[in-house]
Amino acid sequence: MYLTREEERIYDGEMGWAYQVSMRILVKLGELYGASRLIPIESAHISGVSYKTVGDAAIEFLRALSESNGRVKVRATINPSGVDQDRILSNILPSDLVNRQMEIVRLYEEIGATLTLTCTPYYIETPKSGAHISWAESSAVIYANSIIGSWTNREGGPSALASALIGKTPDYGLHRPENRQPSVLVKVEAKLNSEADYGALGLYLGRILGEKIPLIQGLPGAGETDLKQMGAAMATSGMVPMFHIDRIGRSAGGIEKITVDERDIIKTRLDLSTSSGRPDLVFIGCPHCSPNEIRLVSELIRGRRVRSDVRLWICTSNFIREKMREHARIIESAGGRVMCGTCAVVTWLKNLGVETIMTNSAKTAYYARLLDGVGVIFAPISECINVACQ
Ligand code: F3S
């Protein structure tokens, strides 16, 4: 892999350990995937923020980066943590977990990351279409590639962090136009009635597609929330980094074809629901809510009250909550919480006394059972709000 003179000096450690280790991560990746050079990036988005998922090793690594004066070179946003920014969860969770979580966030701040604490950084600042970026968080990667049109590989936390410090990424994979083409045609023959159906479709497709990029036909009415849910789910059960939506009936000869019908969606939805009891937590906001989703929840909840035996969390970024403060106020005065900086997957549900969660997110439905062993009820947002309210 070709390195400029300056990149070589970083590689050899002349700028210190933090930049050397970051450069070595990027060069290793580049060599592994056949990149010929590094290219500049517009931004990085770093996952690996929740102590629940990264543990003590991340604290040690971040501390070492910070102590050797590692600082980000481009805008670097970070994913949600295990606690909310209003410290409501911090008062309930064991202090040891909270302290370690706060230390991770503090270290990210020290190395210069912007504390967005959200998995939808594109609602705060949208990357340019065609811009090269280095993003981790699979739901944000698939959204950026497919809906925004910016270019990123499906980075892990360490490689996105390394890219943030160097300001570059190896030029391979989805940074090359020839690798962004669809290799499978998906014909959706099922009628999709809600964002939950789109999530179920995504989960079903992710299992079949693996890493392949699909061209999807049969979704003429899909809105932004629908596609966000579908993409997040597809990137959960599979490694899909991008999808194309065909709204004009392109002919796609010479590639594999898959058909999805009603039964596939119904079965996936049924499989995601493991409980038929009452939820003690209703969670909306995986991926974190857009302004439109906050507005929708406020309209659904206006004039009602959240039941005393259910918690209602609407998760988003601080930025979006502030922007939508009137709608957030309606939700909170009905007894819901517009919670920032965290989500039901990256916090500790069992420690918070949650046994059964209800959600409109296929991604959360998938992970809540796997990671926390809680019961799951999967349903569209309108049903979720109906169950949460009296
Ligand atoms: Fe975001 Fe948490 Fe879902 S980080 S994508 S809300 S699992």
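**Environment of Met358 and the parallel sheet**

Met358 touches Pro279, Leu281, Val282, Phe283, Ile377, Ala379, Glu383, Cys384 and Val387, residues up to four places away in sequence being excluded (contact: heavy atoms within 4.5 Å). The model is predicted, so that local features need pLDDT of at least 70 and side-chain atom pairs count only at pLDDT 80 or more, whereas totals for chains, interfaces and linings use all residues. Residues are numbered from 1 along each chain as its sequence is written, and side-chain values use heavy atoms, with hydrogens and water left out.

Met358 belongs to strand 13 (residues 356–359); strands (E, at least two residues) and helices (H or I, at least four) are DSSP runs numbered from the N terminus. With a relative accessible area of 3%, Met358 is buried (under 20%; 1.4 Å probe, protein chains only).

An open sheet of 5 strands follows the order 12-11-10-13-14 with parallel pairing, where pairing requires at least two DSSP bridges between two strands. Strand 12 (337–340) and strand 14 (375–378) stand at the edges; each has a single partner strand, so one side of each lacks a neighbour in the sheet. On average, neighbouring strands of this sheet are turned by 30 degrees against each other, direction ignored. Strand 10 (residues 281–284) pairs with strand 11 (residues 311–316) in the parallel sense over 4 bridges, and Ile284 stands opposite Ile314 in strand 11. Helix 13 (residues 362–372) packs on the sheet, touching strand 10, strand 13 and strand 14, and its direction makes about 165 degrees with that of strand 14 (axes are lines fitted to C-alpha atoms, for helices over the stretch in contact; angles run from 0 to 180 degrees between N-to-C directions).

Methods. Buried means under 20% relative accessible area, exposed over 50%, partly exposed in between (1.4 Å probe, protein chains only).
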